[in-house]
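These notebook entries record what I looked up in one structure. I kept them in the order in which I went through the parts.

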Amino acid sequence: MEYYIEDLTDDGQGVAKVDGKVYFIENGQLGERCEARVLGQKKNITFMEKTKTVEVSPYHVEPRCPHFYECDGCSLQNITYEKELALKKTHIENTLLRIGGEKKWDIPILPGEEYGYRNKVRLQVKGEKLGYYNRKSHHFVPISTCPIAGEVINRNLKAIEQVLQGKDHRIEKIEIRENGKEIQLGVIGKKISPSILNAFRKISDIIEVQMKEKGNYKNFYRKKKFYQTIGNYQYELSQDSFFQVNLMTTKILYDEIKGFVGEGKKILELYCGIGSISIYIAEHNEITGVEIVEKAVQDAKRNARLNDIRNISFLCGKAEDLFRQKDPYKTLVVDPPRAGLHKKLVERIGQSKVQEIIYTSCNPATFARDLKRLKKHGFQLKEITAVDQFSQTLHVECVALIQKI
C-alpha cells in the first residue's frame with residue numbers, strides 16, 4: 001500500500017490518512033508518496049517506518065547539513081523554506097481552531113534566517129567527539145558542523161575537540177554561546193581537571209570559561225564580560241542566563257510586542273527572566289517584572305542599570321503567587337515556559353483589573369488552551385503574529401494581543 005504524507009507531527013513523523021485511518025510514518029517526508037512497514041498500534045493510530053519513496057515530494061530540497069539523516073534536531077531541512085513557513089502557519093491556525101475554539105485565523109508569519117542563526121548550542125561529549133543524541137534512537141551522532149549554529153560556533157568546534165584529545169576529561173556536555181565575535185563556554189561534568197579548563201582559555205575566541213559540576217555554573221576564567229545586543233539595548237549574560245537563541249528574529253518579536261504594548265502604561269511582566277523584554281519596552285512605560293529564579297532577577301536589575309533604565313523594577317517569586325487581583329495593572333505582558341500559564345494564575349487574571357494581555361508563546365497548544373480559559377473571563381484574541389525563531393525545526397514563536405471585551 002502507498003501512503004501520501006499530508007502533514008507532520010510535532011516530533012517530525014509523517015502523517016498519512018487512508019480510508020479514515022491515521023498513520024504516523026517515521027522518516028516520511030511532507031508531500032511524498034511512500035511505502036511503509038508497521039511498527040505498532042496505539043488507539044486509532046498505526047505507527048510505521050518508511051521503506052521506500054514511491055514519488056518524491058514536490059517540496060524536496062537537499063539538506064545542507066551532512067548529519068541530517070543521523071541527527072534529528074532539524075527535521076525540516078529537506079523541504080523548501082516557503083513550505084516550512086506555510087506548515088508552521090497552518091499548524092498554529094489549526095491549533096487555535098481545535099484547542100482554543102477560535103475561528104479560522106489567517107495568521108501572518110514573519111520569516112527569519114534559514115541557517116546560521118543559533119547563538120547557543122549544547123553539545124554532548126563522548127570521548128574526543130562533540131555531537132548530539134538522536135531523540136528517537138538515543139544514539140550519539142558526532143558532528144563536524146551545525147549549519148543552524150552561528151559562524152563563530154562552527155569555526156571553533158574543531159579547536160574545542162582538540163582540547164579533549166587524549167585526556168581523561170570527565171566532561172559530559174559543552175555549551176557554546178556566541179555573540180558574533182566571541183564565545184562564552186560552559187563545561188559540564190564531574191571532577192573536571194583545571195588543566196582542561198586552562199586549555200580552553202587558550203582558544204582565542206573564548207572570553208569566558210564557566211564550569212558546572214553540580215548546581216549553577218561557576219566562573220573559572222573571564223577575559224571580559226559577555227554581552228548580547230538587541231536593537232539599542234545590551235544584555236550582560238552568564239552561562240546560566242536564559243536568552244533567545246536567534247537575535248535577528250528576537251528583535252522582530254520584541255518590536256511586535258512593543259507595538260502591541262504602546263506607550264504611557266503601567267505594565268506588569270510575568271516570567272520576565274533576565275529582563276530582556278521589560279528593558280526593550282520600558283521607554284515611555286513603567287514596568288514591574290516578576291521572575292521565579294533569583295539569579296535571573298539579579299541579572300535583570302544589572303541589565304537595567306547597564307542600559308540606564310530607571311522606570312523599571314523586578315521582583316522574585318512565582319507568577320501565580322505574586323500576581324494579586326487588587327494590583328492596579330491594566331496591561332500584562334507574559335512569556336511563559338512551554339507549559340503555559342498556571343491555571344490559578346489565569347483565574348486571578350480573570351478576577352483582576354487587567355484589560356489587555358500581550359502573550360508570547362513558544363507552544364501553540366498551551367497558548368490555545370490558555371486563551372480558551374481566558375475567554376471564560378471575558379477576554380478575546382484581537383491580533384496574533386507568528387515569528388519563525390527556529391527555522392529548519394518544527395518549533396515556532398507567536399505573540400498575541402488579548403483584550404477584555
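For this entry, I took contact to mean heavy atoms within 4.5 Å. I note at the outset that the model is predicted.

**Entry: Asn285**

I began with Asn285, which I found in the loop between H5 and S18. Setting aside residues up to four places away in sequence, I listed what Asn285 touches: Val261, Gly262, Glu263, Gly264, Lys265, Ile267 and Asn311. Is Asn285 buried or exposed? Its relative accessible area is 4%, so I entered Asn285 as buried. I also looked up a polar contact here: a polar atom of the Asn285 side chain lies 3.1 Å from the backbone nitrogen of Gly264.

**Entry: helix H4**

I turned next to H4. With 15 residues at 1.5 Å a residue, H4 should span 21 Å, and I found its end C-alpha atoms 21 Å apart, in agreement. I recorded Thr249, Thr250, Leu253, Tyr254, Ile257, Phe260 and Val261 as buried in H4. Looking down the axis of H4, I saw that the buried residues fall within an arc of 140°, so they line one face of the helix.

I then looked at the two ends. At the N-terminal end, Asn246 acts as a cap on H4, with a side-chain oxygen 3.3 Å from the backbone nitrogen of Met248. After H4 comes Gly262, for which I noted a positive phi, near 80°. Gly262 is also among the residues that Asn285 touches.

**Entry: salt bridges**

How many salt bridges does the count come to? I recorded 28 salt bridges.

One of them joins the side chains of Lys258 and Glu283, at 3.8 Å from N to O. Lys258 lies in helix H4 (residues 247-261) and Glu283 in the loop between helix H5 (276-281) and strand S18 (286-291), so this pair ties together parts that are 25 residues apart in sequence. I entered Lys258 as partly exposed, at 29% relative accessible area. Glu283 is likewise entered as partly exposed, at 43%. I also noted one network, in which salt bridges with shared partners join Lys225, Glu236, Lys295, Asp299 and Arg302.

A further salt bridge is formed by the side chains of Arg37 and Glu49, at 2.8 Å from N to O. Arg37 belongs to strand S5 (residues 33-42) and Glu49 to strand S6 (residues 45-55); the two are 12 residues apart. I found Arg37 partly exposed, with 44% relative accessibility, and Glu49 partly exposed, with 26%.

I then looked up Lys88 and Asp388, whose side chains meet in a salt bridge of 2.6 Å, N to O. This pair links distant parts of the chain, 300 residues apart: Lys88 is in helix H1 (residues 81-98), and Asp388 is in the loop between strand S22 (379-387) and strand S23 (397-404). Are these two partners buried or exposed? I found Lys88 buried, at 2% relative accessible area, and Asp388 buried, at 0%.

**Entry: helix H1**

Lys88 led me to H1 as a whole. H1 has 18 residues, and I found 26 Å from its first C-alpha to its last, close to the 26 Å expected at 1.5 Å a residue. I listed its buried residues as Tyr81, Glu84, Leu85, Leu87, Lys88, Lys89, Ile92, Glu93, Thr95 and Leu96. What covers them includes strand S2 (7-8), strand S7 (109-110), helix H9 (364-375), S22 and S23.

**Entry: nonpolar cores**

In soluble globular proteins, nonpolar side chains tend to be buried together. Which residues have the most contacts inside the largest nonpolar core? Within this core of 37 residues, I recorded Ile171, Ile174, Ile176, Leu185 and Phe200. Among the elements that give two or more residues to this core are helix H2 (151-164), strand S11 (171-178) and strand S12 (183-189). H2 supplies the largest share, 6 residues.

I followed Leu185 further. Not counting residues up to four places away in sequence, Leu185 touches residues including Ile160, Ile174, Ile176, Phe200, Ile206 and Val209. Apart from this core lies another of 35 residues, among them Val346, Val354, Ala386 and Val396.

**Entry: Val15**

Lastly I looked up Val15, in strand S3 (residues 14-18). Val15 is buried, with a relative accessible area of 10%. Leaving aside neighbours within four places in sequence, I found Val15 in contact with residues including Tyr4, Ile5, Val22, Tyr23 and Phe24. Between the C-alpha atoms of Val15 and Ile192, 177 residues apart along the chain, I noted a separation of 45 Å.

How values were computed
Residues are numbered from 1 along each chain as its sequence is written. This is a predicted model: local features need pLDDT of at least 70, side-chain atom pairs count only at pLDDT 80 or more; totals for chains, interfaces and linings use all residues. Side-chain values use heavy atoms; hydrogens and water are left out. A salt bridge is a side-chain nitrogen of Lys or Arg within 4 Å of a carboxyl oxygen of Asp or Glu. Helices (H or I, at least four residues) and strands (E, at least two) are DSSP runs, numbered from the N terminus. Buried means under 20% relative accessible area, exposed over 50%, partly exposed in between (1.4 Å probe, protein chains only). The expected span of a helix is 1.5 Å times one less than its number of residues. The arc is that of the directions from the helix axis to the C-beta atoms. A polar contact is a pair of N or O atoms within 3.5 Å; within protein, one must be able to donate a hydrogen and the other to accept it, and residues adjacent in sequence count only if both atoms are side-chain atoms. A nonpolar core is a set of buried Ala, Val, Leu, Ile, Met, Phe, Trp, Tyr and Cys residues joined through side-chain atoms within 4.5 Å.
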